[in-house]
Amino acid sequence: MADAASTHTKSTLFTRQFIVAALMNFAMFVSFQMTTAGMPVYLQHLGATDLQISLTVTLVTGAAIVVRPFAGYLLDSFGHKGALIGGLLIMLVVTVAYVVFPLIGIILGFRLIHGIGWGLGATASSSIVAGILPKKRFAEGMGWFSLGNALGIAIGPALAIFLI
């Protein structure tokens, strides 16, 4: 009887840890997608050229791609939780800085930094969830986790446009 209870506990998917990690990741995706959709409108309001507006997506995406190969090292060096908190803090500070420093050139530089935080945070959250999930239900758990990513990608831009 103890073995059955033990096996059930080991294969429980929706644990408190998993739910918190998935909701945090969903919130991170929503906020990132909001800035991605809202930034062109904000820069247009500031008088940016079409090239500058297009660079906002290119810079953040490029930085996120470049940082990902190094993210594993950072996760190992600072711990998964530390790397996640670092990525989230970078994203938070940069998001606030967009409003505090409304200068197109500075915002473009901040987009690079935002991409670093995004690449680090997204990699860390996926890694954390991979460690939480029971092996027998790993694929199912990653499917549920990824659903949050997809919903964040769908809801974020719509929310940004609604708020604008």
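# Reading an all-helix model

The chain has six helices and zero strands, where helices (H or I, at least four residues) and strands (E, at least two) are DSSP runs, numbered from the N terminus.

User: What should I know about the model before I start reading it?

Analyst: This is a predicted model, in which local features need pLDDT of at least 70 and side-chain atom pairs count only at pLDDT 80 or more, while totals for chains, interfaces and linings use all residues. Residues are numbered from 1 along each chain as its sequence is written, and side-chain values use heavy atoms, with hydrogens and water left out.

User: Over what dimensions does the C-alpha trace of the chain span along its principal axes?

Analyst: About 70 × 35 × 20 Å. From the N terminus on, the elements run α-α-α-α-α-α.

User: How do I read contacts, and what share join residues at least 24 apart?

Analyst: Contact means heavy atoms within 4.5 Å. Take the contacts here between residues at least 6 apart in sequence: 82% of them join residues at least 24 apart.

User: And burial? What percentage of the chain is buried?

Analyst: Buried means under 20% relative accessible area, exposed over 50%, and partly exposed in between, with a 1.4 Å probe and protein chains only. By that cut-off, buried residues make up 36% of the 164 residues.

User: Let's try one helix. How do I judge the length of H3, and where does H3 bend?

Analyst: For length, the expected span of a helix is 1.5 Å times one less than its number of residues. H3 (residues 50-78) has 29 residues and reaches 39 Å from its first C-alpha to its last, close to the 42 Å expected. For a bend, take the angle between axes fitted to the seven residues ending at a residue and the seven starting there. H3 bends by about 50° at Pro-69. After H3 comes Gly-79, with a positive phi near 85°.

User: Which residues of H3 are buried, and what covers them?

Analyst: A general point helps: an α-helix has 3.6 residues a turn, so residues three or four places apart point the same way. In H3 the buried ones are Ile-53, Thr-56, Val-60, Ala-63, Ala-64, Val-67, Ala-71 and Leu-75. Their cover includes H2, H4 and H5.

User: Can you show me a single residue from H5? Why does Leu-108 count as buried?

Analyst: Leu-108 lies in H5, and it counts as buried because its relative accessibility is 12%. Leaving aside neighbours within four places in sequence, Leu-108 is in contact with Gln-52, Leu-55, Thr-56 and Leu-59. The C-alpha atoms of Leu-108 and Asp-50 are separated by 13 Å, with the two positions 58 residues apart along the chain.

User: How is a pocket defined, and what is the volume of the largest one?

Analyst: On a 1 Å grid over the protein atoms alone, a cavity is a set of points where a 1.4 Å probe fits but cannot get out; a pocket is an open set with protein on both sides within 12 Å along at least five of seven lines, and lining residues have an atom within 4 Å of a point. The largest pocket has a volume of about 440 Å³. Of its 21 lining residues, the closest to its centre are Ser-31, Met-34, Thr-35, Thr-95 and Tyr-98.

User: Which helix gives the most to that lining?

Analyst: H2, with 11 residues.

User: What about the second largest pocket: what is its volume?

Analyst: About 250 Å³. H2 supplies the largest share of its lining, five residues.

Conventions
Grid points are joined across faces, edges and corners, and a volume is the space filled by probe spheres set on the points.
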